[in-house]
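Trainee: Could you take me slowly through one part of this model, the surroundings of a bound ligand, and then set a second ligand site beside it?

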Amino acid sequence: MWRRAASLSPFISSSGSLIRNHQTAYNFKIWESFTTEIPTQVKGGKGPFICFVLGGPGSGKGTQCAKIVKNYGLTHLSAGELLRREIASNSEYGTTILNTIKEGKIVPSEVTVSLIQKEMESSDSKKFLIDGFPRSEENRAAFERIMGAEPDIVLFFDCPEEEMVNRVLNRNEGRVDDNIDTVRKRLQVFKALNLPVINYYARRGKLYTINAVGTVDEIFEQVRAVFAALKLVTE
Ligand SMILES: Nc1ncnc2c1ncn2[C@@H]1O[C@H](COP(=O)(O)OP(=O)(O)OP(=O)(O)O)[C@@H](O)[C@H]1O
Ligand SMILES: Nc1ccn([C@H]2C[C@H](O)[C@@H](COP(=O)(O)O)O2)c(=O)n1
Ligand SMILES: [Mg+2]
């Protein structure tokens with residue numbers, strides 16, 4: 001169990017020397033190579049390592065998180081899964097959460113952060129992969145305020161909208177939001193509320209953009225390059 005009182009200061013340089021700028025779905029820079037700039041100080045504070053995982057609906061966040069867990073042993077917390085679990089448990093917020101998800105909107109931050117908080121504070125893990133969070137500036141601010149922590153790094157799975165729509169419509173997991181109407185709304189919400197957060201982390205030098213087109217293994221090779229550079233995470 002843990003509690004962090006203060007935020008970490010930025011610790012990863014975003015000025016790697018062999019980076020090429022690719023035009024991708026949302027025009028973020030892709031980190032293509034980490035050959036010379038290995039961060040020397042990965043962790044500055046006493047709290048756990050926190051990696052936020054962002055990307056539009058169906059961009060492959062959950063799929064890649066499963067591979068990260070398997071290869072690097074981080075504890076995976078999917079905000080969407082925590083909310084779906086809350087619906088299934090018939091909690092007092094269940095109906096509100098269900099209706100919000102059906103509408104493709106964002107659940108109030110206090111609800112989501114308190115679910116994440118419960119998981120993190122009852123875990124002995126020292127490294128968390130927080131998938132699908134923060135979805136908005138409000139989410140981000142609430143996490144910082146309530147948890148007193150910031151992510152160490154942020155992975156962004158950058159995927160063209162058409163590909164995301166195809167993946168969601170073929171997912172076949174019985175999710176109430178896997179239909180064309182909701183996915184269109186989720187894409188609008190993603191662009192309006194989540195892209196600004198992604199930009200925020202890019203400005204803070206914490207964002208690692210992954211080109212989310214290709215096979216699952218090809219995409220994971222880019223993730224591996226990020227984690228290879230962050231030696232401390234794997235120890
Ligand atoms: N690289 C890929 N190529 C083709 N299909 C993929 C790829 N990665 C994931 N998928 C499939 O696309 C669907 C969506 O993937 P996933 O659930 O990982 O996305 P997500 O980003 O977590 O979406 P959401 O935000 O809706 O939870 C799944 O059916 C998954 O098997
Ligand atoms: N921070 C979050 C994460 C998720 N939700 C809601 C709204 C999403 O459409 C839905 C599914 O999430 P996913 O499994 O796609 O990550 O859950 C939210 O309101 N806030
Ligand atoms: Mg997911």
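**The surroundings of ligand 1**

Mentor: By class, the shell around ligand 1 is made up of 3 nonpolar, 8 polar and 5 charged residues, and please keep in mind throughout that this is a predicted model. Altogether 16 residues surround ligand 1, and the closest are Gly58, Lys61, Thr63, Arg171 and Gly214. The polar contacts can be followed one by one: a backbone N or O atom of Gly58 lies 2.9 Å from an oxygen atom of ligand 1, a polar side-chain atom of Thr63 lies 2.5 Å from an oxygen atom of ligand 1, and a polar side-chain atom of Arg186 lies 3.2 Å from an oxygen atom of ligand 1. Of the 630 Å² of accessible area that ligand 1 has on its own, the protein covers 77%. Two elements, α1 (61–72) and α8 (216–229), give two or more residues each to the shell around ligand 1, and α1 gives the most, with 3 residues.

Turning to ligand 2, its shell divides into 6 nonpolar, 4 polar and 6 charged residues, and the largest share, 4 residues, comes from helix α2 (residues 79–88). Among the residues that come nearest to ligand 2 are Arg84, Val107 and Arg186. A polar side-chain atom of Arg84 lies 3.0 Å from an oxygen atom of ligand 2, while a polar backbone atom of Val107 is 2.7 Å from an oxygen atom of ligand 2. Here the protein covers 96% of the 440 Å² of accessible area that ligand 2 has on its own.

Terms used:
Residues numbered from 1 in each chain as written. Chains lettered and ligands numbered in written order. Predicted model: local features only at pLDDT ≥ 70, side-chain atom pairs only at ≥ 80, totals over all residues. Heavy atoms only, no water. Near = heavy atom within 4 Å. Polar contact = N/O pair within 3.5 Å; in protein donor to acceptor, adjacent residues only side chain to side chain. Areas by Shrake-Rupley, 256 points an atom, 1.4 Å probe, with all protein chains shown as cover. Nonpolar A, V, L, I, M, F, W, Y, C, P; charged D, E, K, R; others polar.
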